[in-house]
Structures are given as structure tokens and as C-alpha cells.
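Trainee: Could you take me through the aromatic rings and the cysteines in this one? I'd like a close look at one spot before we move on.

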Amino acid sequence: MTQNIVVLTGAGISAESGVATFRGPGGLWEGHRVEDVCTPQALARDPELVHRFYDLRRAALATVEPNAAHRALARLDAQWTGGLLIVTQNVDDLHERAGAARMVHMHGELNAGLCAACDTRRPWTGNMAPRTVCAACGAPAMRPNIVFFGEIPYEMERIQAALSDCDLFVSIGTSGAVYPAAGFVQLANAVGARTLELNLDPSEGSDWFDESRLGSAGVLVPTWVEEVLGETRSGSAVV
């Protein structure tokens, strides 16, 4: 019987709300090469470009809303009495706006700033100019709270602990190409957890899952959540 669930979400779940996916045609991210806007080297080389890029994304985020998939996971969070951790690769706040609380942003948050000098993180709305002063330490070192390529994702110990104790691992809207998240299914398999993929198309890691369901997150996720909560109410095992 399922007690502990880990859910991984990726760009596909927020794409249905109008959030641009990480990789677009030609390897571009909203018209920019990833190497030009999402690496420590890019920030050092052209801070104005990097800050402007995230300022625009922050502004765009304010124009979109959570969709049915976000709301379904928030419902799961509210009603599931067992262990649950929603791990998102997304930097938007749509899970929170839908009402989810038991979650981790492993790649950071768009609506937050990070001090490169003292590692203080704080909520942030509006634009952030290069060399913005940190309120905690006074250094002109504020940057977007985004995990750049080459940096370690947040809360990996907590995520790995949840995976080591889960009975069910569900991956939603992910490409299966970006590590370490792409390896989570293998960690779940190693402890004997049931694994399920909900995706628009097969991911690069589809063969690792016990089951794959293809379609839009807005349809698949509410259906799956209803299955989980419905089986719990009936007293039958969830697999």
C-alpha cells in the first residue's frame, strides 16, 4: 500500500499555463542561448543581459495562472495523509499559487534573489539591477535565485531522503534529459518504488518507468490524483 509519494514536475506542467519551456527550437530559451543567460560565466561576462532576461521572465510570470495540473497536485497535497514531496524543476510559483505546500524548488525561484556574497535568499518582485546591494551583508552582489548550469541544485539531501523512503514516484512533464532530476526514477526503482510517468511525449528516461501515460498534464494529472485519493477513500491499495 502506498504511503509515501514523491512527485517530480518539469517544464511540461507549466507550459500549459503559457510559461515558455526551457529549450525551444534551435536550443534557444526565449530567444537566448542557454549558455548566455544561465551560467555563472554569463553573469560575470554580461550581467546586464542576464538580469534583463530574468526581469522579463519575472514580469511574464505575473501574467499567467496555475492550470488544472497545478490545482490537482495542490489538492493531493491538502488531502493525502501519507508522506508527500513535490519536487519541481520549474522556477515559477504556479504550484504555490495553486496551494501546494509540501514542495521543493530544486532549481531556484524566479521571484527570489540570492546574494552571491553571503548566500542569503529573499523574496523578490520587480526588476533587479546588476550590483544591487544585499540587505543582509551590504555587498553589491544580488543575483536571481536561479541554479545556473554547473551549480548544485537545492535541497538534494532532502530529495534523496524522500526518494529512498517512497513507495510511488511520479514524473510529470519532464524531458528526462537534465540531471540530477533525470536520475530520480532510477533511485526510486532501487528501493522498489512503483514509478509512473505522465508526459506529453515519451521522455528520454521512459524505459525506466513501470508505466507511462501520454497526454496533456491538465488532463492526466487530475485523473491520476482522483485515482489516488479515490482509492484511499475506498481503502484499497494505491499502486
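Which ring does the charged end of Arg121 sit over, and how far is it from the ring's centre?

Mentor: The ring belongs to Tyr154, and the charged end of Arg121 is 3.7 Å from its centre. To count as sitting over a ring, NZ of Lys or CZ of Arg has to be within 6 Å of the ring centre and within 35 degrees of the ring normal. Quick housekeeping: this is a predicted model, with residues numbered from 1 along each chain as its sequence is written. Local features need pLDDT of at least 70, side-chain atom pairs count only at pLDDT 80 or more, totals for chains, interfaces and linings use all residues, and side-chain values use heavy atoms, with hydrogens and water left out.

Now for rings that meet other rings. There are three aromatic pairs here, meaning rings of Phe, Tyr and Trp (its six-membered ring) with centres within 6.5 Å; planes under 30 degrees apart are stacked, over 60 edge-to-face, and the rest tilted. One of them joins Tyr54 and Phe148, a tilted pair with 6.3 Å between centres and 35 degrees between planes. Tyr54 lies in helix H4 and Phe148 in the loop between strand E8 and helix H7, 94 residues apart, so this pair links distant parts of the chain (helices, H or I, are DSSP runs of at least four residues and strands, E, of at least two, numbered from the N terminus). Both rings are tucked away: Tyr54 has a relative accessible area of 0% and Phe148 has 1%. Buried means under 20%, exposed over 50%, partly exposed in between (1.4 Å probe, protein chains only).

Another pair, Phe169 with Phe209, is stacked, at 6.2 Å centre to centre and 15 degrees between the planes. Phe169 is in strand E9, while Phe209 is in the loop between strands E10 and E11, 40 residues apart. Phe169 is buried at 1% relative accessibility, and Phe209 is buried at 12%. Back at Tyr54 and Phe148, Phe53 joins them in one aromatic cluster.

Last, the cysteines. You'll find zero disulfides, a disulfide being two cysteine sulfur atoms within 2.5 Å. For Cys38, the nearest cysteine sulfur is that of Cys115, 19 Å away, and Cys38 is buried at 3% relative accessibility. Cys134 isn't in a disulfide either; its nearest cysteine sulfur, that of Cys115, is 3.7 Å away. Cys134 is buried too, at 2%.
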